[in-house]
Amino acid sequence: MSMRLAILCPGQGGQNPAMFDMARSDANGAAFLARCGLERWLDAPLAEVLADPRRLYANRYAQPLIVSSQLAAWHAIADELAAIAGAPAVVAGYSVGELSAYAVAGVFDAAGAVGIAARRAALMDQARQQAPAMLREQGLMSVGGIAGAAARAVLQRHGAYAAIDTGEDTLIAGGAAGSLRAAAEELAAMGARIGDLPVGLASHTPLMQAAAMPFDEVLEQAACAAPVLTLLAGVTGQAIDDAAQARSLLVRQLTETIQWAACMDACAERGVTVALELGACPALSRMLRARHPQIECRSLSDFRSFAGVLAWLRRQAD
């Protein structure tokens, strides 16, 4: 088979009330949702959470929702996908999507990954609540149209951080709300494009340090295996070798910059020709297409059914 497929698992921001609709329409996807225990980690029925925008974007709900929806979609297509393309050549996850990627690559049991996502969310929320008062209001913002080095220098001056490196002139910044506002004013005056993201935590920055040790303990208690597929680490853009390294790198991404540009370049370096994003919006597929236009990229959100997804993949494999 000539197609070399990458599976991409996005992070927060694309949640919507219909994010489980396709998975529920498939027997394998619905079966996964029935056994993964998602509602155990919510304090309300799933339908109520999906209908409430405040809950839908709140961190404690968003992380398990995202991981469960992505893994339900994976269960819906995995068997037929293997017949079309064989095993994926690369798997990579962005922010909390890295938990989904770990499960796709066989590091974690898929249902267990949903519980890990819920515990991760709770620990990150606790880290924010334990911070000094001036640091408790946190967030992420996009920065574009300015060289990364210049943007990082501005962020540093104002006590903010580069949370995700997405390109030469784009990044996601994280920090306390006051620091981000001050940095945004200076960056906008320099001609940068600024956008607030619907995430209420300074993910992938030192402000999450208090969550790192407890999360390490969560992972130590979880069944964890070496990846059976090529799995890229968010903080390095390099392939993960074994279970111990997988745990360590997943803890590091709480407090360190995600090197997503490096992950995209690694996909190209490994000969990926097609990428499928397991998400409710096409953010990662758009970024990869812009950076490496030779790779055919689509998101589940581009399709009305899994049959359409699989038909597109068959065409790419011909």
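Leaving out the residues within four places of it in sequence, Leu180 touches Gly139, Leu140, Met141, Ala160, Ala173, Gly174 and Gly175. The model in which these contacts appear is a predicted one. Leu180 belongs to helix H9, which covers residues 177-189. Its relative accessibility is 7%, and because buried means under 20%, Leu180 counts as buried. A distance across the chain helps to place this residue: Gly14 is 166 residues away from Leu180 in sequence, and their C-alpha atoms are 22 Å apart in space.

Helix H9 also packs against another helix. Its partner is helix H8, residues 148-157, and the axes of H8 and H9 come within 9 Å and cross at roughly 145°. The crossing of these two helices is right-handed. On the H8 side the residues that meet H9 are Ala151, Val154, Leu155 and Arg157, and on the H9 side they are Ala183, Glu186 and Leu187. Sorted by class, the contact of H8 with H9 has 5 nonpolar residues, no polar ones and 2 charged ones.

Leu140, one of the residues in contact with Leu180, is also among the contacts of Ser203. Ser203 is found in the loop that runs between strand S6 (193-196) and helix H10 (209-221). Is Ser203 buried or exposed? Its relative accessible area is 4%, so Ser203 is buried, the limit for that class being under 20%. With neighbours within four places in sequence set aside, Ser203 is in contact with Met124, Leu140, Ala163, Met208 and Leu254.

Helix H10, at the far end of that loop, contains Glu217. This residue has a relative accessibility of 46%, and Glu217 therefore counts as partly exposed, as buried means under 20% and exposed over 50%. Glu217 and Arg247 are 30 residues apart along the chain, and 9.9 Å separates their C-alpha atoms.

A second helix pair is formed by H6 (residues 97-104) and H11 (residues 243-252). Their axes are 11 Å apart and the packing angle is about 170°. Angles over 145 degrees count as roughly antiparallel, and H6 and H11 are therefore roughly antiparallel to each other. H6 passes H11 in a right-handed crossing. The residues that make this contact are Glu98, Leu99 and Tyr102 from H6, together with Ala246, Leu249 and Leu250 from H11. By class, 5 of the residues in the contact of H6 with H11 are nonpolar, none is polar and 1 is charged.

The loop that lies between strand S2 (90-93) and H6 holds Tyr94, which takes part in an aromatic pair with Trp260. The structure has 3 aromatic pairs. In the pair of Tyr94 and Trp260, the ring centres are 5.3 Å apart and the ring planes stand at 85°, so the pair is edge-to-face, a term used for planes over 60 degrees apart. Where does Trp260 lie? It is in helix H12, residues 260-269, so the pair ties together parts of the chain that are 166 residues apart in sequence. Both rings belong to buried residues: Tyr94 has a relative accessible area of 12%, and Trp260 has one of 2%.

Note on methods: Residues are numbered from 1 along each chain as its sequence is written. This is a predicted model: local features need pLDDT of at least 70, side-chain atom pairs count only at pLDDT 80 or more; totals for chains, interfaces and linings use all residues. Side-chain values use heavy atoms; hydrogens and water are left out. Axes are lines fitted to C-alpha atoms, for helices over the stretch in contact, and angles run from 0 to 180 degrees between N-to-C directions. Helices (H or I, at least four residues) and strands (E, at least two) are DSSP runs, numbered from the N terminus. Angles under 35 degrees count as roughly parallel, over 145 as roughly antiparallel, 65 to 115 as roughly perpendicular and the rest as oblique. A crossing is left-handed if the near helix is turned anticlockwise from the far one by less than a right angle, and right-handed if clockwise. Contact means heavy atoms within 4.5 Å. Ala, Val, Leu, Ile, Met, Phe, Trp, Tyr, Cys and Pro count as nonpolar, Asp, Glu, Lys and Arg as charged, and the others, Gly among them, as polar. Buried means under 20% relative accessible area, exposed over 50%, partly exposed in between (1.4 Å probe, protein chains only). Rings of Phe, Tyr and Trp (its six-membered ring) pair if their centres lie within 6.5 Å; planes under 30 degrees apart count as stacked, over 60 as edge-to-face and the rest as tilted.
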